[in-house]
Amino acid sequence: MKNKFKYNKNIVYSCKYHVVWCPKYRRPVLIEEVEVKLKELLYQIAEDIQVKILELEVMPDHVHLLCECDPQFGIHRVLKRFKGATSRYLREQFPHLKSRLPTLWTNSYFLSTVGGAPLETIKRYVQNQKEV
């Protein structure tokens, strides 16, 4: 049971989400050192808020994330943290992002719970994004 489910003091859960979000105007700005730093930041934030990133792929114009989080914390809070902190940091570190975009991320995102398809299928899909 420990491998399949997570728990805290009052719930046992298995909540895995496939999330996709884009830069404003879907601009292809997530490249080179921006991509590297974004991945680093997402893993760091995930550790801070106790979210497990199962797979992550950054495309030039969008991000694919497969993660698991405590449902009491909520996936909407996870994304708010990811998008808010990365936008602030990346726009500060890479000034060219400020000149091209009023904000780094759009307000919207795609979210799907992972349950209908086997987890390995979703993992392969995220891993192979750059080859599609």
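A salt bridge here is a side-chain nitrogen of Lys or Arg within 4 Å of a carboxyl oxygen of Asp or Glu. The model is predicted. The exercises below use that cut-off first, then turn to burial and pairing.

**Exercise 1. How many salt bridges does the rule give, and what does the one between Arg26 and Asp61 tie together?**

Step 1. Apply the rule. The count comes to seven salt bridges.

Step 2. Check the pair. The closest N and O atoms of Arg26 and Asp61 are 3.1 Å apart. That is within the 4 Å cut-off.

Step 3. Place both ends. Arg26 sits in the loop between strand E3 (16–21) and helix H1 (32–48), and Asp61 in the loop between strand E4 (52–59) and strand E5 (62–68), so the bridge ties together parts 35 residues apart in sequence.

Step 4. Classify the ends. Arg26 is partly exposed at 44% relative accessibility. Asp61 is partly exposed too, at 22%.

**Exercise 2. Which residues are joined into one network by salt bridges that share partners?**

Step 1. Start from Lys130. Its salt bridge with Glu35 has closest N and O atoms 2.7 Å apart. This pair links distant parts of the chain: Lys130 is in the segment after helix H4 (119–127), Glu35 is in helix H1, and these positions lie 95 residues apart in the numbering.

Step 2. Take the other bridge from Lys130. With Glu57, the closest N and O atoms are 3.7 Å apart. Glu57 belongs to strand E4 and Lys130 to the segment after H4, so this bridge ties together parts 73 residues apart in sequence.

Step 3. Join the bridges. Those that share partners connect Glu35, Lys39, Glu57 and Lys130 into one network.

Step 4. Classify three members by accessibility. Lys130 is partly exposed at 44%. Glu35 is buried at 15%. Glu57 is buried at 12%.

Step 5. Look around Glu35. Neighbours within four places in sequence are left aside. Its contacts are then Leu30, Glu57, Val58 and Lys130. Two of these names, Glu57 and Lys130, also appear in the network.

**Exercise 3. Which residues of H1 are buried, and which are exposed on the other side?**

Step 1. Get the span. H1 has 17 residues and reaches 25 Å from its first C-alpha to its last. That is close to the 24 Å expected at 1.5 Å a residue.

Step 2. List the buried set. It holds Val34, Glu35, Lys37, Leu38, Leu41, Leu42, Ile45 and Ala46.

Step 3. Test the geometry. These residues cover an arc of only 165° around the axis, which puts them on the same side of H1. The spacing rule helps here: an α-helix has 3.6 residues a turn, so residues three or four places apart point the same way.

Step 4. Turn to the other side. Glu32, Val36 and Glu47 are exposed there.

Step 5. Find what the buried set packs against. The partners are E3, E4, E5, helix H2 (75–93) and helix H3 (96–100).

**Exercise 4. Are the faces of E5 covered or exposed, and which strands does E5 pair with?**

Step 1. Count burial. Seven of the seven residues of E5 are buried.

Step 2. Split by side. In a regular strand the side chains alternate between the two faces of the sheet. One side of E5 carries His62, His64, Leu66 and Glu68; the other carries Val63, Leu65 and Cys67. Both faces are covered.

Step 3. Pair with E3. Six bridges join E3 to E5, and the two run antiparallel. Lys16 has Glu68 as its bridge partner in E5.

Step 4. Pair with E4. E4 and E5 are antiparallel over seven bridges. Val58 has Val63 as its bridge partner in E5. E4 and E5 form a hairpin with two residues between them.

**Exercise 5. Where do Arg26 and Gln50 lie, and what is phi at each?**

Step 1. Recall the background. Most residues other than glycine have a negative phi.

Step 2. Take Arg26. Its phi is near 50°, a positive value in a residue other than glycine. Arg26 is found in the loop between E3 and H1.

Step 3. Take Gln50. Its phi is positive, about 60°, although Gln50 is not a glycine. Gln50 lies in the loop between H1 and E4, just after H1.

Step 4. Add accessibility. Arg26 is partly exposed at 44%. Gln50 is exposed at 70%.

Definitions and conventions:
Residues numbered from 1 in each chain as written. Predicted model: local features only at pLDDT ≥ 70, side-chain atom pairs only at ≥ 80, totals over all residues. Heavy atoms only, no water. Helix = DSSP H or I, 4+ residues; strand = E, 2+ residues; numbered from the N terminus. Buried < 20%, exposed > 50% of the residue type's maximum accessible area, 1.4 Å probe, protein only. Contact = heavy atoms within 4.5 Å. Pairing = 2+ DSSP bridges. Expected span 1.5 Å × (residues − 1). Arc of directions from axis to C-beta.
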